[in-house]
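Work through the exercises below with the sequence and the structure open beside you. Each task is followed by a solution that proceeds step by step.

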Amino acid sequence: MATSDELQFHEFDEAADLLAVNPDATTTRISEQQSHVAVNVSAGSEEGELGEETDKTELLSGQKKQPSFWTFEYYQTFFDVDTYQVLDRIKGSLLPLPGKNFVRHHLRNNPDLYGPFWICATLAFTLAVSSNVAHALEKRGDPSFHYSPQFHKVTIAGLITYCYAWLVPLALWGYLQWRKGLSIHVGSYSFLETVCVYGYSLFIYIPTSILWLIPAAWLQWLLLAFAAALSGSVLVLAFWPLLRSDSKPATLAALAAIVSLHVLLAVGCKLYFFQMLPSTIPPVHPLVTAQHPTVLLPRQASASVPLRH
Amino acid sequence: MAEAEESRAGGAAKPLFAGLSDVSISEDIPVEGEITVPVGSHSPDEDYSTLDEPVKDTIMRDLKAVGKKFVHVMYPKKSSALLRDWDLWGPLVLCVSLALMLQGGSADSKEDGGPQFAEVFVIIWFGAVVITLNSKLLGGTISFFQSLCVLGYCVLPLTVAMLVCRLVLLASSGTVSFIVRLVVVMAMFGWSTLASTAFLADSQPPNRKALVVYPIFLFYFIISWMILTFTPQ
């Protein structure tokens, strides 16, 4: 039988000792209704930030009042990142290492919308701008060419990028939720994490689209293959742990779909925005047309040559 | 429980408020009254009614405020005048003049041309709203309209660049003019970005300054691109 003394509330001795050793440690108290005090000691400055982050999420995930969907604070939770975190996530999308799952290693339960949104915006404008510059550079030998800013390409690039970065994760997330319902071993990420992975994986296409200005076709295709391989492997590494416990055909089909959609995006962008062949088509000598007025000159794909009689 | 402790403590020594628990408020003492503080002096604006002044004064006051802000933008230093008394007249004037100058660039086919008036207008205002939302979501302390005001006013160097470009294009449209236009637009782009970050950067949390500055950079880059690629019919 417990004495009344044992049933009284006691301060944790361990906590008091820890506090005595490290007097300026941060301590956190959960709500007053719960009758224990949790001590959160930040071990060092390096670990401190990460430790605080994970401790905070552990402590607060159960107790924090989720702001309502209609308040501004709800959306602020999606932008809770610092500069170094965004840079770290971008680096993680550029260097896929086999052991490191992007979602677990870099996102760490803190997905953000800043990266996907601004990477898509930058990618849309970079595609449109470098497509315009490539078009102008390629046509500069042609005297009939009149430069135009081709502003509609911005709209199209934006549409393609944002649709890809938001609808494909939606479809993938839905698919994973469905498979999770069928087989208990299939895990899933939250929708935000899926959007995050896709958004950050698009980052490699930004320098690629700038490098596509170099008018060498073999280089362009090489860059495309390299970029698609890198970002595709980031996606595969992120989704492989979820799918590997599913049945083999389903896993392979899902991974093939992810990779092929990604490659399709890259190839589609390359062909639509940079469809010209690198060599400029020289204008036809007027003497030739004068001698053979009835011969129809072969129409070139990208330049129309004025016929003169 | 608190009272028990207090009585225990009171028995041991004489604490500061020993006899406080004995005090009780009897019904005879009135505990009511008025808690209004008479306002000493009205602020000067309240006495001075702006209804009777000549229209010229009313308009000149606003114009002077707008002009002062233009000067602040051209020589950006840490002053809070731009932030404190925000107004959207300046951004509206700048946006409309820039869109008017940019519209109807050359086009071979109907859709192949430069941005139309509505496109420029939407890009500037929608872009400014998105950047403001971005900075507020990242935890900035600046208010919505203050940020719109700063971003709008900092379009002024780019509007000047557009004017210069149009004048240069009137003169010639060869490679030399392109280089001149490129240099002017790049200089004004740098000026705009620096001016707006000088005003906006302080209101952001310190770890996220770069995250807030980058969209501003992108925004002015797009506008500079539209200015640089403008070719008249």
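**Exercise 1: The interface**

Task: Find how many residue pairs are in polar contact across the interface of chain B and chain A, and then describe the side of chain B that touches chain A.

Solution: In this predicted model, the rule finds nine residue pairs in polar contact across the interface of chain B and chain A, with both residues of each pair at pLDDT 80 or more. Turning to the elements involved, helix H6 (117-137) and helix H10 (209-228) of chain B each supply at least two residues of the side that touches chain A. Of the contributors to this side, H10(B) gives the most, with ten residues. Sorted by class, the side of chain B that touches chain A holds 17 nonpolar, eight polar and seven charged residues. As a last step, take both partners together: the contact draws 32 residues from chain B and 25 residues from chain A, and the area buried between them is about 2,600 Å², with 64% of that area coming from carbon and sulfur atoms.

**Exercise 2: Salt bridges**

Task: Determine how many salt bridges there are between chain B and chain A, and locate the one that involves B:Arg208.

Solution: Between chain B and chain A the count is two salt bridges, while a search of the whole structure finds five over all chains. In one of the pairs between the chains, the side chains of B:Arg208 and A:Asp80 meet at 2.9 Å, N to O, which lies within the 4 Å cut-off and therefore qualifies as a salt bridge. Side chains of opposite charge can pair when their charged atoms come close.

**Exercise 3: A helix and a residue**

Task: Describe the length and the bend of helix H8 of chain A, and then list contacts of B:Leu83.

Solution: Helix H8 of chain A, residues 152-182, has 31 residues and reaches 45 Å from its first C-alpha to its last, close to the 45 Å expected. Along its course, H8(A) bends by about 25° at A:Tyr164. In chain B, B:Leu83 is placed in helix H4 (residues 81-84), and, leaving aside residues up to four places away in sequence, B:Leu83 touches B:Ile142, B:Gln146, B:Val150 and B:Phe199.

Notes: Residues numbered from 1 in each chain as written. Chains lettered and ligands numbered in written order. Predicted model: local features only at pLDDT ≥ 70, side-chain atom pairs only at ≥ 80, totals over all residues. Heavy atoms only, no water. Contact = heavy atoms within 4.5 Å. Buried area = accessible area lost by both parts, 1.4 Å probe. Polar contact = N/O pair within 3.5 Å; in protein donor to acceptor, adjacent residues only side chain to side chain. Helix = DSSP H or I, 4+ residues; strand = E, 2+ residues; numbered from the N terminus. Nonpolar A, V, L, I, M, F, W, Y, C, P; charged D, E, K, R; others polar. Expected span 1.5 Å × (residues − 1). Bend = angle between axes of the 7 residues up to and from the residue.
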